Amino acid sequence: MQPLHILLAEGNPHLRSLLCWHLQQAGHQVWAAETLRQAKTLLQHQPIHLLILDAELSNRGGLQLCRWAHRQYDLLILLLSHRGSEADIIAGLEAGADDYLTKPFSMQLLDAHLLALARRRQRHIPPTFLQYGDLKIDLVQRRVALAGEGIDLTPQEFSLLMVLVQADGDPVSRLELLERAWPDSTDNPRTVDTHILSLRKKLERDPRQPSLIHTVRNVGYCFGLNPPLPQEQKTVSVAAGVSGSGPQRQRRGVAASGEAPANQSIKSR
């Protein structure tokens, strides 16, 4: 098994220390977190392949983090929990976990689960970068370059950009952007507008006439090389696709990767 970048979010300090030591002895690179905030910060700044997550972290906040990480990042999630009922396992898997392990467990059983997850990751190698015209997004280093020149984005700006990119040209509402791109809850949708304005200033040739980040009236925003279709045209296009007389929907951005198609992710949906 190839070494993995693992984030271990575990509230029990003794178990956290033991698991860190065991994973490091196996050759993996490990980051440890004891709170939800620490885990979210590490996810934003480190290229994580696998999240090993304590479901009981911060009073069952682990499930909330699981949902957020599942939507936000291309990674695998192994959920650890003292709860082993069928209902608890189903809840964990529905929250986005790829695997579920009930405490207490042996290191041999943990290794078996890790090996199975590593095989799944190997079959679904993620892209290393995305390309949209002159804009290149490095998914590993979480960096952006425009026409070969590096652009300095804040972690929050990069997270917002990735939510828009992952929507594959579909419009995303302000409320959904708040939920998916903000690690700490905020109830002000205008926060999104402020960050969109900042992104446009950094990424667009002419922020007043954006060619990448488009406003969708009465909805929110979308990302792509092509502007969004008017609502009536979109309705016609969808109808044509259903009838079989229209072309298949094409990805609006041009994605590139040294290893896999850009719309491929680690997870199997």
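Guide: Two strands count as paired if DSSP finds at least two bridges between them. Here 5 bridges join strand β1 (residues 5–9) to β2, and the two run parallel. This is a predicted model, in which local features need pLDDT of at least 70 and side-chain atom pairs count only at pLDDT 80 or more, while totals for chains, interfaces and linings use all residues. Residues are numbered from 1 along each chain as its sequence is written, and side-chain values use heavy atoms, with hydrogens and water left out.

Visitor: What makes β1 and β2 strands at all?

Guide: Each is a DSSP run: strands are E runs of at least two residues, helices are H or I runs of at least four, and both are numbered from the N terminus. Among the residues facing each other, His5 has Gln29 in β2 as its bridge partner, and Ile6 stands opposite Val30 in β2.

Visitor: Which strands stand at the edges of the sheet?

Guide: The open sheet has 5 strands in the order β2-β1-β3-β4-β5, with parallel pairing. β2 (29–33) and β5 (99–102) each have a single partner strand, so one side of each lacks a neighbour in the sheet. On average, neighbouring strands are turned by 20° against each other, direction ignored.

Visitor: Is β1 enclosed or open, and how do you know?

Guide: Of its 5 residues, 4 are buried (under 20% relative accessible area, against over 50% for exposed and partly exposed in between, with a 1.4 Å probe and protein chains only). Strand β1 is therefore largely enclosed by the rest of the structure.

Visitor: Which helices lie across that strand?

Guide: Helix α1 (residues 13–25) lies across β1, β2, β3 (50–54) and β4 (76–81), running at about 170° to β2. Helix α3 (residues 57–72) lies across β1, β3 and β4, at about 155° to β3.

Visitor: Why is α7 called roughly perpendicular to α8?

Guide: Their axes cross at roughly 80° and come within 9 Å. Axes are lines fitted to C-alpha atoms, for helices over the stretch in contact, with angles from 0 to 180 degrees between N-to-C directions. Under 35 degrees is roughly parallel, over 145 roughly antiparallel, 65 to 115 roughly perpendicular and the rest oblique. The crossing therefore counts as roughly perpendicular.

Visitor: Which residues make the contact between α7 and α8?

Guide: Contact means heavy atoms within 4.5 Å. Arg174, Leu177 and Leu178 in α7 meet Arg190, Val192 and Asp193 in α8. In α7, Leu177, Leu178, Arg180 and Ala181 are buried, and their cover includes α3, α6, β10 (172–173), α8 and β12.

Visitor: How do you know whether Leu197 is buried or exposed?

Guide: Leu197, in helix α8, has 46% relative accessibility, so this residue counts as partly exposed. Its C-alpha is 7.9 Å from that of Pro207, 10 residues away in sequence.

Visitor: What makes a group of residues a nonpolar core?

Guide: A nonpolar core is a set of buried Ala, Val, Leu, Ile, Met, Phe, Trp, Tyr and Cys residues joined through side-chain atoms within 4.5 Å. In the largest, with 29 residues, Leu135, Ile137, Val144, Leu161 and Phe223 touch the most other members. Helix α6 (155–166) is one of the elements that each supply at least two residues, and the largest share, 7 residues, comes from α6. A second, separate core of 25 residues includes Cys66, Tyr73, Ala95 and Ala97.
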